[in-house]
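Reader: I would like to go through this model by its helix packing, its ligand site and its backbone geometry. Please keep the answers short.

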Amino acid sequence: MSKFSPAQRVSGMGESVWVEFGQLALEVKPVNLGQGFPDMPPPESVAKPLREAVSKDGNFLLHQYTRGFGHPRLVNALAGLYGRLTGHKINPNTEVLITVGAYEALFCVFMGLVNPGDEVIIIEPFYDCYEPMVRMAGGVPVFIPLKLKTQNETISSADWVLDPKELASKFSSKTKLIVINTPHNPLGKVFSKEELTVIADLCKKHDVVAVMDEVYEWIVYGGKTHFRMNTLPGMWERSITIGSAGKTFSVTGWKTGWAYGPANLMRALQLVHQNSVYTCATPIQEAIAIGLEIETEKIGQNGSYWKELAEELEPKRDRICKFLQSVGMKPTVPEGGYFLIADYTQFAKNIDVSGFTGTPDSQFAKWLSTTHKLQGIPPSAFYSEEHKSYAKDYIRFCFFKQDSTLAQAEAIIKTLPSKM
Ligand SMILES: Cc1ncc(COP(=O)(O)O)c(CNOCC(=O)O)c1O
């Protein structure tokens, strides 16, 4: 093998869906309901502090390195927020880590806790970086799909469920972690306390750590509440919970995230972080800390950004579901998050996508983007090789977009004769 071949830990990996569809969006310039970022300005509770942090009258030390495991003001704000939400007294120095987005938090979890041969249970569909990160650590991903269990005409993300027997069968003496994303991307499922209790009991039985990807924790609809796994009996000590400023404050380009949990587990993440990224952007951490200080005091009240965010997104969710249904698509109505998947097959029975490459859902997504300038994401990107066919009938749309953007998308969808 050439000395210049990629290391084994990355050989065999392909480009992510974000690379391919990001390039397509640059070429086609579609109405982009693909990658999950809002097309509107962030709240002043973080934008103003960032302007002040970098202004000439600001504290010039904010332009220099800060504490590696997290800017003191930010880890203190997070320890205060999650201490309040979980009822646990959280040590900001040993139980919180600031990372370059939730992405890096996930990387630190897998690289810090997974030994070669360890098994990691991944619930499908899954956020696409979970599998390659587990494999880079030498881990063995074990997949279990959420399955649609309903005959109803209108489908809810709650109708996508795990089979308890099948789930139990995935645990073994080799199982190190299970990754749960709630609210879920791309289904929008908000795992119930009962569903998380089933998983928690299996974690305790098999001595497994739960990795809770809760980046959409503030975005839940219809009175649904986001339940935190680390508040269940016996789960604080075996949970690592991940958050994202990008999703919390709608500033995905600020690429700041975090992990929190018991010090003995967090130590491994801190060591990976220290020997890879080391420290994150100081001014941005300062601004997010101030935003958290402000918003923590407003939780659940009028004027709370997080309350207003869910209230602003729910009608957008209902609008996109309605116009997709009007042409024969069948959306899964999300309980949370700002994505949905829609079954397009009835709508697109007679279209010819053979000119496009990839899995059927990828061909459809490329057809819709290229020929009608409306971009979604093929959900097969969120499945293992073995289960990619589970996604063949679906396309994912992001609806955290200005009403004018959704109106453009609606107009495109409605120009397509339904039941083509
Ligand atoms: C479940 C989940 N975890 C983690 C992350 C990463 O969060 P961060 O941006 O903070 O690294 C994301 C961000 N996803 O946004 C891209 C998309 O799905 O269109 C995510 O959805």
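**Loops, ligand and helix pairs**

Author: Proline 186 sits in the loop that runs between strand 8 (175-181) and helix 7 (193-206). The model is predicted.

Reader: What kind of peptide bond joins asparagine 185 and proline 186?

Author: Most peptide bonds are trans. For the bond between asparagine 185 and proline 186, omega is about 15°. That bond is cis.

Reader: Where does proline 125 lie, and what is omega for the bond from glutamate 124 to proline 125?

Author: Proline 125 is in the loop between strand 3 (119-124) and helix 5 (130-136). The peptide bond from glutamate 124 to proline 125 is cis, with omega near -10°.

Reader: Which residue has a positive phi although it is not a glycine?

Author: Most residues other than glycine have a negative phi. In the loop between helix 1 and strand 1 (31-32) there is a lysine, number 29. Its phi is about 50°, and the residue is lysine 29.

Reader: How many residues surround the ligand, and which are the closest?

Author: The ligand is surrounded by 17 residues. The closest are Gly36, Asp213, Tyr216, Ser244 and Lys255.

Reader: What is the distance from a backbone N or O atom of glycine 36 to an oxygen atom of the ligand?

Author: Other backbone atoms also face ligand oxygen atoms within the 3.5 Å limit for a polar contact. For tyrosine 103, a backbone N or O atom lies 3.0 Å from a ligand oxygen. For alanine 102, a polar backbone atom is 2.9 Å from one. For glycine 36, the distance is 2.6 Å.

Reader: How are helix 1 and helix 12 oriented to each other?

Author: The axes of helix 1 (residues 17-28) and helix 12 (residues 360-372) come within 10 Å and cross at roughly 20°. Angles under 35 degrees count as roughly parallel, so helix 1 and helix 12 are roughly parallel.

Reader: Which residues of helix 1 and helix 12 meet, and how do they divide by class?

Author: The crossing of helix 1 and helix 12 is right-handed. Glu20, Phe21, Leu24 and Val28 of helix 1 meet Ser362, Ala365, Lys366, Ser369 and Thr370 of helix 12. By class, the residues of this contact are four nonpolar, three polar and two charged.

Reader: Why are helix 2 and helix 10 called oblique?

Author: Helix 2 (residues 44-54) and helix 10 (residues 282-296) have axes 8 Å apart and pack at an angle of about 140°. Angles over 145 degrees count as roughly antiparallel, and 65 to 115 as roughly perpendicular. The angle of about 140° fits neither range, so the pair is oblique.

Reader: What is the handedness of the crossing of helix 2 and helix 10, and how do the contact residues divide?

Author: The crossing of helix 2 and helix 10 is right-handed. On the helix 2 side the contact includes Val46, Pro49 and Leu50, and on the helix 10 side Ile284, Ala287 and Ile288 are among the residues met. The contact residues divide into 11 nonpolar, two polar and one charged.

Reader: How many charged residues does the contact of helix 11 with helix 13 have?

Author: Helix 11 (residues 305-325) and helix 13 (residues 403-415) cross at roughly 10°, with axes within 10 Å. The contact includes Lys316 and Arg319 of helix 11, and Asp403, Glu410 and Lys414 of helix 13. With six nonpolar and no polar residues, the number of charged residues is five.

How values were computed
Residues numbered from 1 in each chain as written. Predicted model: local features only at pLDDT ≥ 70, side-chain atom pairs only at ≥ 80, totals over all residues. Heavy atoms only, no water. Axes fitted to C-alpha atoms, helices over the stretch in contact; angles between N-to-C directions. Helix = DSSP H or I, 4+ residues; strand = E, 2+ residues; numbered from the N terminus. Left-handed = near helix turned anticlockwise from the far one by under 90°. Contact = heavy atoms within 4.5 Å. Nonpolar A, V, L, I, M, F, W, Y, C, P; charged D, E, K, R; others polar. Near = heavy atom within 4 Å. Polar contact = N/O pair within 3.5 Å; in protein donor to acceptor, adjacent residues only side chain to side chain.
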